[in-house]
Amino acid sequence: MVAGRWRTAGGAVFRVVVVWGVSTATMLALAGLLPDFRLQSADGDSVTRTAVTAGWGAGAFGLLGALVWPVIVRALLLVPALVLGLLVFFLNGSLLLIALWLIPDGRGAAKPETAVVVAAVMSAVASATSTALAVRDDDAYRRRLSRLAHRRSRRRGDPGASRAPGTVFVQLDGVGHDVLRRAADSGVMPTVASWLGDTHRLTPWRTDWSSQTSASQLGILHGSNHDVPAFRWYEKDRRRIVVSNRPASAAELQRRAIARTADGGLLTVDGASRGNLFSGGADQLALVLSVAARRGRANRSRAGYFAYFSDPANAVRTAVSFVAEVVREIGESTRARLRGDEPRVGRGGLYPFIRAFATVVERDVVVAAVMGDMLAGRTAVYADLVAYDEVAHHSGPHSRDAQAVLERLDRSLALIAKVAEHAPRTYRIVLLSDHGQSPGSTFEDAYGLTLRDLVRAGCGLPVPRRAERSKSGAEARDAARDALRTALHREVEEDGELEQPVAGSDPIVLASGNLALISFPDVPHRVSREEIRRRYPALLPTLADHPGIGFLLVHSEEQGSVVLAGGGTAVPLADLKEGDAGPLAVFGPGAVDAVRRTDGFPHVADIMVNSMYDPRTGVVHAFEEQIGSHGGLGGEQSTAFVLSPLELSPPVPPGVELVGAERVHRVLRRWLRECEGPQVPIGTRAARPAEVPVTRDKAVEG
């Protein structure tokens, strides 16, 4: 044992010396290449003296990185992740300037901008050297992982090998069932391909009408997505717009789900939530939106940044990858524009940086956190990787850009599986998604005006000139004028009065992919079909007959809720049945039940609008700037997947379809019980998060 310890210590010293030597050589090479970086006195030095100076500088830079960098990152936890990623370069350059200042006799000097470059290169080279040494010495790598796992387990007081298996849930955001299957079959995702049929079973599951992350993940993690009609919606009782990806709104949705289920969530016992909208009741949090609005110690989500960026090599590697991803996106969008690819949306402005954050920073931090959780032996981990969803929105779900992202995500899955081999307990890795994506040009590209423009035209309200010039806009304006004249004539004949909308009562139009919600904020209740007819006689016919719209859902005083479609189709929702021909038949199995469930939500909109869907091409039209969209019914967006280990029981019996995020939650609960990871009620274990009001934001309409 003593000899083994000496060998381990000797190996560690050897690796330090090698990294130091490589860093010294790198510094010497950079000093010869960069005119503003010197390692000699003004009178010149011998080669030996210059080499000693480089060794001194490399050693000081490495020591500062190990001792000072973690303190700097902890001090910057309140800085937004995007800004922190950009600051990495400048902070690392500052450490290099300090290291050069520490060289005796003032032999080291560099301009600030040159120091940034030198520091980035040296950190990258040191990281690559350390990784290469670890790869060459598999025994040392395994011993390091085992020591780390043992140290963390001992600190947490865990018994180690006697524990039951843990479970890691990895959500591939926006990856539909068919997309995953094709990626595995084509070799894009070899890790997933090796699991399929060998160690895991693939099960599709059908989403709710609101096929988007907040509805699905809230249901999966907290067991209820009741009253989440879309990604964005207007609440008349609060006079506020809920936007799911804003911290205050996410916190309020989580609070409501906990209140409804009287349970803290899927992860209330020894759980970790990484990169999610909601916490799931976990104690260990990183990049969790529902707690991001908290200040001080209550916000543990930012600790994930410290755990990752405290290593300067991680910080530099991620920062370099971030810049490379920005350049890649600019190049890909330029090539798409030159090729004349259609459909296409704008990808300029801040989007390259937003994409780089999703595909690099979020991925790196979340994957590192998951690996740390496994080495710490946590019982349940749920992580969301959003890279594919972000890229598919702007490049298309079947594009080469999206396929490249899937390939990189597969490598992350392989890394997680590798670390599982060295964890202090056995782990079962469950892969799942929250929804898919359906392709298609935007509603505006297809018809020359936004849905908001169409709604305003149907109401007889002013619209932009470009919308007036479009065919749909002109038809809607003419229809509104004709309908108004007809209604006035009828009311005069009946000696009645035409109801006029009050001032400032313009409808609010909110888009969620190919689903849109129209609300009349001046009316406190759900506006009926009859009331809409009296106010805006042309609005419902204009919308229902438009070729870009599949169907509408409105409430009728006489018939209850009614589904409207083109050609004057108006079918009471109560009369629709699964499998029958009707306005919802084209949207596939489950559409009627999904619409009926949403119709019962307290905050269902006055008019629910779902875009058209072409079953031959799978195309829908998003009401926002996305050529890969989700949020409503139609196509691949509604079919997600669960890829589960064969050791776990099947999600559903043979021949039974898995439907709805809430049912997926019950399946995951069952699997945790099978792994002897019981959850406890909220009153016993999980603390309710403080109530946070929904964001008071001005409507972004259209």
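**A covered strand, an open sheet and two helices**

Strand β17 (residues 607–611) is mostly covered, with five of its five residues buried. Buried means under 20% relative accessible area, exposed over 50%, and partly exposed in between, with a 1.4 Å probe and protein chains only. Strands (E, at least two residues) and helices (H or I, at least four) are DSSP runs, numbered from the N terminus. The model is predicted: local features need pLDDT of at least 70, side-chain atom pairs count only at pLDDT 80 or more, and totals for chains, interfaces and linings use all residues. Residues are numbered from 1 along each chain as its sequence is written, and side-chain values use heavy atoms, leaving out hydrogens and water.

Both faces of β17 are covered. On one side, Ile607, Val609 and Ser611 are buried. On the other side, Met608 and Asn610 are buried. Two strands pair if DSSP finds at least two bridges between them. Strand β13 (residues 515–519) runs antiparallel to β17, and four bridges join the two. Here Ala516 has Val609 in β17 as its bridge partner. Strand β14 (residues 549–556) is also joined to β17 by four bridges, and this pair runs antiparallel. In this pairing, Leu552 stands opposite Val609 of β17.

Elsewhere, eight strands form an open sheet. Their order is β8-β7-β9-β3-β10-β21-β4-β22, and the pairing is mixed. The edge strands are β8 (284–286) and β22 (658–659), each of which pairs on one side only. Strands of a sheet pair through backbone hydrogen bonds, either parallel or antiparallel. Within this sheet, β7 (residues 271–274) and β9 (residues 380–385) run parallel and are joined by four bridges. One bridge sets Ser273 against Tyr382 in β9.

Helix α17 (residues 451–458) is mostly covered too, with seven of its eight residues buried. The buried residues are Leu451, Asp453, Leu454, Val455, Arg456, Ala457 and Gly458. An α-helix has 3.6 residues a turn, so residues three or four places apart point the same way. Gly460 follows α17 and has a positive phi, near 75°.

A second helix, α10, spans residues 247–261 and holds Gln254. Gln254 has a relative accessible area of 2%, so this residue counts as buried. Gln254 and Gly264 lie ten residues apart in sequence. In space, their C-alpha atoms are 9.4 Å apart.
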